[in-house]
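The following exercises are to be worked through with the sequence and the three-dimensional model in view. Each task is followed by a solution in steps.

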Amino acid sequence: MIATEADPTPLVLSLARTLRASVRVPELRDLVAQTNGSVSLKSVTDAQSATLTFDGSGVLVSHGLAFGAEPVDLAFDPEYTVGETADPVARAAAKLLSPPLPDWRVAGAHFWEVSQGTPGFPGRLVLVCLEEEAELVFGEGDDVYEVHGYGPALAAVLSGQIDHFLYAVGFGVVSVVGSGAHLSAMCGAHWKVRFGG
Amino acid sequence: MQAADVRQWLADNGITSVQVQATNLDGTFIGKTLSCDKFLGALDQGVAFADVVFGNDLGNFPILGVAFPSWRGELEDIFLRPDLGTLCVWRPGVAAAIGDFWTSEGDPVGVCPRNLLRKVTAQAAELGYGVTAAVEIEATIFEEPVQEARAKGYQGLTPLGGTAGSAYVLGKSADWREYLEAVEERLRSVGIAWEAWNDEAAVGQVEVNVPVGDIVDVADRWARTRQVMREVAYELGHSVTFMAKWSDAWGQASHLNVSLADTEGNAFYSPEGASEVMRHFIGGVMAAMAGTTSLALPFITSYRRLVPLEGPPTTITWGHHNKSTAVRAVTGHPAYSRIEYRLPGSDANVYLVAAAVAGAGLYGVINRVEPPAPFAGMAWGLPEGSVEQVPATISQAAAALEADKILPEVLGEEFVTYWLGTRRWEWIAFHTMGGGDLDAGLTAWESARYFELV
């Protein structure tokens with residue numbers, strides 16, 4: 001239902017991952033089926049751009065602006081925010097690119113499932129939700145990494161939002177306990193999720 | 001040389017400091033300048049460098065997302081051990097030595113480019129072969145000093161030597177000859193063998209040839225010659241770039257010529273054409289070519305050079321005496337029989353490409369890999385799908401390397417995995433840190449990142 005062009009860019013992959021999250025929600029899945037046409041999205045912060053082409057049954061995500069298209073702004077904070085527009089396809093895209101966040105536990109479970117056992121990834125991942133004072137532990141052993149944050153922040157980061165896991169740590173979206181080697185592996189795991197893993 | 005001999009050599013040559021030299025993964029010439037005492041004290045253990053030598057990108061941003069090898073930690077030290085066979089007088093009062101990186105436990109760092117090449121030559125020696133090579137260095141020189149180039153964002157520069165077309169033109173302006181004669185003089189004074197230099201196809205473009213020799217020695221001379229070309233350019237108030245493409249003009253390459261020698265001489269030679277050894281060597285090289293592309297074309301800009309009919313190969317092909325293919329087999333000569341590997345851009349790290357090509361070739365010899373049929377005719381402009389294409393982007397090349405079965409065996413899993421992480425980061429950085437649209441031509445991001453450092 002959600003397809004990307006060959007050799008996609010990071011933005012194309014990330015938009016496709018977001019759209020796939022949307023089509024798991026029944027009313028948003030219906031919205032895809034009701035939409036025909038294309039919208040070109042241009043980042044407000046850098047030179048990235050992409051085009052979503054709807055055909056009533058699915059969406060093709062490709063890089064760049066469609067020839068002659070009037071691009072619509074795309075902001076990354078929160079990810080993704082489509083600029084004001086009267087165009088019905090762009091308005092549909094706006095809804096589809098901001099699906100509801102999963103519960104942080106669900107996001108964490110998927111994050112763990114995608115990367116557990118890969119080289120460098122911690123053997124035990126501990127997620128600490130600050131407002132719930134709750135802890136979720138995956139795996140076992142002494143090779144442990146902890147990620148602390150509020151539920152929505154954990155959900156956003158672990159479901160692949162934000163360009164780089166390093167930024168999530170650097171900007172204080174989440175805090176972590178572990179080694180530099182773990183941080184590197186977590187960055188790789190985050191991209192795996194962000195780009196559709 | 002023993003430490004006492006080195007001390008004497010330093011004194012005899014009036015040396016007051018020593019530069020230890022190496023390349024990082026991106027091919028940037030790196031090092032430290034040491035007092036003579038510090039250098040002498042580091043002969044065994046090596047000179048400490050933070051592991052970010054192989055951990056930061058050309059924007060000095062940390063490359064993450066990879067599983068750290070054992071030598072990487074919380075900014076651990078690794079050690080550059082000078083190879084005293086490379087000790088030379090770099091300039092009056094300053095000596096230089098190229099080195100290899102070792103861990104604090106005394107193991108070679110598995111991603112160090114020179115270590116990888118030495119590993120491949122050691123394997124060749126076990127098989128009874130020496131690996132010989134020669135390399136072509138292409139660069140573009142500009143009238144403007146590097147400070148002015150920086151201020152202009154490396155745009156709108158004036159190629160040195162005028163804008164007349166063609167190649168091999170001798171009627172260049174005096175400033176062009178002054179530059180290259182100064183390079184030649186400096187190479188001679190350092191003791192770096194050179195073979196030829198000439199005007200190349202694009203305006204301001206020159207070619208300097210590093211003559212045939214042991215492949216590690218040739219890679220050392222490649223690294224040093226490029227450094228000399230930079231230093232001389234800066235001293236004369238010019239700038240220089242080794243980007244594979246600095247404008248929409250023709251690109252720049254680093255063609256690598258490789259052959260094997262045994263006790264009989266050139267092992268590629270046969271009176272009938274290619275020897276069996278050469279045939280199998282080509283078989284290995286061709287089988288690993290798609291994967292090797294990631295090393296031969298390491299950057300976003302590298303792929304902009306792949307324009308059919310402009311000279312670079314665009315297909316996974318080899319041919320006899322055919323410069324439109326990726327590998328040109330030069331056969332039938334008892335001394336000059338060799339392959340010319342035409343894929344690398346001028347921005348490639350020759351240590352890495354040489355290790356991959358020689359290693360893949362040896363794999364072919366060991367496993368008696370038969371090459372595909374040689375390509376006859378022009379390997380450009382062919383019907384779509386008729387011939388396998390060279391990967392066209394950094395991400396396609398990374399995918400090809402990830403699928404390759406030979407290079408992990410030749411270069412080690414650690415290197416291949418680590419390298420793939422660095423190329424994935426290069427791809428992400430281009431797209432998310434201001435690079436722009438790949439389709440829109442050379443970007444300011446590429447010029448800023450690559451002009452001075454590759």
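**Exercise 1. An unusual backbone angle**

Is B:L309 buried or exposed? Determine also where B:L309 lies and what sign its phi has.

Solution. The model under study is a predicted one.

Step 1: B:L309 has a relative accessible area of 57%. Since exposed means over 50%, B:L309 is exposed.

Step 2: B:L309 is placed in the loop between α8 (289–296) and β15 (318–320) of chain B.

Step 3: although B:L309 is not a glycine, its phi is positive, about 75°. Most residues other than glycine have a negative phi.

Step 4: apply the steps to B:N60. This residue, not a glycine either, has a positive phi of about 60°. B:N60 belongs to the loop between β3 (47–50) and β4 (77–82) of chain B, and at 59% relative accessibility it counts as exposed.

**Exercise 2. Cis peptide bonds**

State where A:P78 and A:Y80 are placed, and describe the peptide bonds that lead to them.

Solution. Step 1: most peptide bonds are trans.

Step 2: the bond from A:D77 to A:P78 is cis, with omega near 0°. A:P78 is located in the loop between β5 (72–76) and β6 (79–82) of chain A.

Step 3: the bond from A:E79 to A:Y80 is also cis, with omega near -10°; A:Y80 is in strand β6 of chain A.

**Exercise 3. A helix checked by its length**

Determine what span helix α9 of chain B should have and how far apart its end C-alpha atoms are. Then describe its surroundings and its two ends.

Solution. Step 1: helix α9 of chain B covers residues 350–367, which is 18 residues. At 1.5 Å a residue, the helix should span 26 Å.

Step 2: the end C-alpha atoms of α9(B) are 25 Å apart, which agrees with the expected span.

Step 3: 16 of the 18 residues of α9(B) are buried, so the helix is largely enclosed by the rest of the structure.

Step 4: at the start of α9(B), a side-chain oxygen of B:N349 comes within 3.0 Å of the backbone nitrogen of B:Y351. After the helix comes B:R368, with a positive phi near 50°.

**Exercise 4. Salt bridges in chain B**

Which parts of chain B does the pair B:D100 and B:R114 tie together? Examine also two pairs that lie within helices.

Solution. Step 1: over all chains, the structure holds 29 salt bridges. In one of them, B:D100 pairs with B:R114, and the closest N and O atoms are 2.9 Å apart.

Step 2: B:D100 is in strand β6 (residues 94–102) and B:R114 in helix α3 (residues 113–126) of chain B, so the salt bridge ties together parts that are 14 residues apart in sequence. Both B:D100 and B:R114 are buried.

Step 3: B:D100 and B:R114 belong to a network of salt bridges that also links B:D83, B:R118 and B:D220.

Step 4: B:R188 and B:E184 form a salt bridge at 2.8 Å, N to O. These two residues are four apart in helix α5 (residues 174–190) of chain B, about one turn of the helix. B:E184 has a relative accessible area of 16% and is buried.

Step 5: B:R221 and B:D217 likewise meet in a salt bridge, at 3.1 Å, N to O. They are separated by about one helical turn because they are four residues apart in helix α6 (residues 215–235) of chain B. B:R221 is buried at 8% relative accessible area, whereas B:D217 is partly exposed at 35%.

**Exercise 5. The interface of chain A and chain B**

How many residues of each chain are in contact, and how much area is buried between them?

Solution. Step 1: 25 residues of chain A contact 21 residues of chain B.

Step 2: the two chains bury about 1,800 Å² between them, of which 65% is on carbon and sulfur atoms. A:D7, A:S184 and A:W191 supply 27% of the area that chain A buries against chain B, more than any other three residues.

Step 3: zero salt bridges are found across the interface, but seven residue pairs are in polar contact there.

Step 4: on the side of chain A that touches chain B, α1 (10–22), α6 (165–170) and α7 (180–194) of chain A each give two or more residues. The largest share, eight residues, comes from α7(A).

Conventions: Residues numbered from 1 in each chain as written. Chains lettered and ligands numbered in written order. Predicted model: local features only at pLDDT ≥ 70, side-chain atom pairs only at ≥ 80, totals over all residues. Heavy atoms only, no water. Contact = heavy atoms within 4.5 Å. Buried area = accessible area lost by both parts, 1.4 Å probe. Salt bridge = Lys/Arg side-chain N within 4 Å of Asp/Glu carboxyl O. Polar contact = N/O pair within 3.5 Å; in protein donor to acceptor, adjacent residues only side chain to side chain. Expected span 1.5 Å × (residues − 1). Buried < 20%, exposed > 50% of the residue type's maximum accessible area, 1.4 Å probe, protein only.
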